[in-house]
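Reader: Please take one part of this model and look at it closely, setting out how the helices pack against one another and what surrounds them.

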Amino acid sequence: MMNRKILLTIFLCLITACVAFADSKQKGIALQKDCSLWTKKSEGMMEYALTIEPGTEIEVYMENGKPVSEKATWTTSKDKSNLLFVKCAYKDTDYYIIQNRFAYGESISTGVVYADCAAYNSPNLADVRAKKVSAMTLIVIDKTFKEIPALLLYGDQDYYFYRVYWFDENAYSVRRGFMLSSKFSTTRDDVTAARIAKAALAESDEAKRSELLLNIGELEISYTMLLAVDAMFEEKPEVDDLSSYGEYWHGNKKFTIVSDDGSAINVRDKPGINAGGNVIAQLHHGDVVISEGGNMALEFIDGMGAHWMHITSPVDGWIFGAYASEIVGPSN
């Protein structure tokens, strides 16, 4: 009898554990503007329930480490195409949300981008910088990802890479990448200020716009966010360079090309091997170039670590700094 009771107790514990595991939840954050939540009308059919704003927290149902989901269409769909709907909870009520409209994780938080910058494909300053993230974009920061120091010559301040998520309006989907910690804020007032500033920018009535901006003055925002808000209402030229880390300048200095094996040194129209740039010219050992500065990314090529240098003579382009030696003396 005792053995039966023990077995029954173990069985019930296992059942309870399985149910708890199946009904486990993770924190989710909506990223799409005017994100829709849905209820199941019938098998394979969803019906619109309500709209939530980006930054709204939800709970995502998890099973075996993955979100609980099912393919379905919605009642107003014209072509009856199927999408993947993820089961979630909002204000203690169960709903469904379309996949790629939100981010989820065990330890995530909301943030906002200060100014136009780029998200990297990997935590590497020399990686492709092709994903532009606009100023005041709401992002989700994944704190479970171990931050990686960014190799920078930028004063004494240390910056780190974090994995981030944001909603790409063009792709109409959530994207992810890596961003430097200097490019975003996670404080509540900074995030609120960004929302107000975007609403004010879209407001055509000057009186209403001013009223909205006055609300920002009541928040305790960072100085960087204050500058970012001011910049939103200033006319500024379009920035082509998506560099997240900036550049350094040393004035026009002369350098000589050093190529111990006699091979030609490529000049590119963009810094970095993987930056998508083209080879526009070649230089040889002993050639003299003039450089006004370079970027702060430390890249390793052929076992050598160096920054990319921007040269203006004899051709305008970028060369790998390991192949240049400064000419010191009156001639420089």
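Author: The helix to begin with is α2, which packs with helix α3 (residues 206-216) at an angle of about 170 degrees, the axes lying 9 Å apart; axes here are lines fitted to C-alpha atoms, for helices over the stretch in contact, and angles run from 0 to 180 degrees between N-to-C directions. α2 is therefore roughly antiparallel to α3, given that angles over 145 degrees count as roughly antiparallel, under 35 as roughly parallel, 65 to 115 as roughly perpendicular and the rest as oblique. Helices (H or I, at least four residues) and strands (E, at least two) are DSSP runs, numbered from the N terminus.

This is a predicted model, in which local features need pLDDT of at least 70 and side-chain atom pairs count only at pLDDT 80 or more, while totals for chains, interfaces and linings use all residues. Residues are numbered from 1 along each chain as its sequence is written, and side-chain values use heavy atoms, with hydrogens and water left out.

On the α2 side, Ala-193, Ile-196, Ala-197, Ala-199, Ala-200 and Leu-201 meet Arg-209, Leu-212, Leu-213, Asn-215 and Ile-216 of α3, contact meaning heavy atoms within 4.5 Å. By class, this contact of α2 with α3 has 9 nonpolar, 1 polar and 1 charged residues, where Ala, Val, Leu, Ile, Met, Phe, Trp, Tyr, Cys and Pro count as nonpolar, Asp, Glu, Lys and Arg as charged, and the others, Gly among them, as polar.

α2 also packs with helix α4 (residues 223-232), at an angle of about 10 degrees and with the axes 10 Å apart, and α2 and α4 are therefore roughly parallel to each other. Here Asp-190, Ala-193, Ala-197, Lys-198 and Leu-201 in α2 meet Met-225, Val-229 and Met-232 in α4, and the contact has 6 nonpolar, no polar and 2 charged residues. Ala-193, Ala-197 and Leu-201 of α2 thus appear in the contact with α3 and in that with α4.

The helix α2 (188-202), together with β12 (131-133) and β15 (160-168), is also among the elements that each supply at least two residues of the lining of the largest pocket. A pocket is an open set of points on a 1 Å grid over the protein atoms alone, where a 1.4 Å probe fits, with protein on both sides within 12 Å along at least five of seven lines, and lining residues have an atom within 4 Å of a point. α2 gives the most to this lining, with 6 residues. The lining has 29 residues, of which Met-136, Thr-137, Leu-138, Glu-169 and Lys-198 lie nearest the pocket centre; Lys-198 is also one of the α2 residues that meet α4. By class, the lining divides into 14 nonpolar, 6 polar and 9 charged residues.
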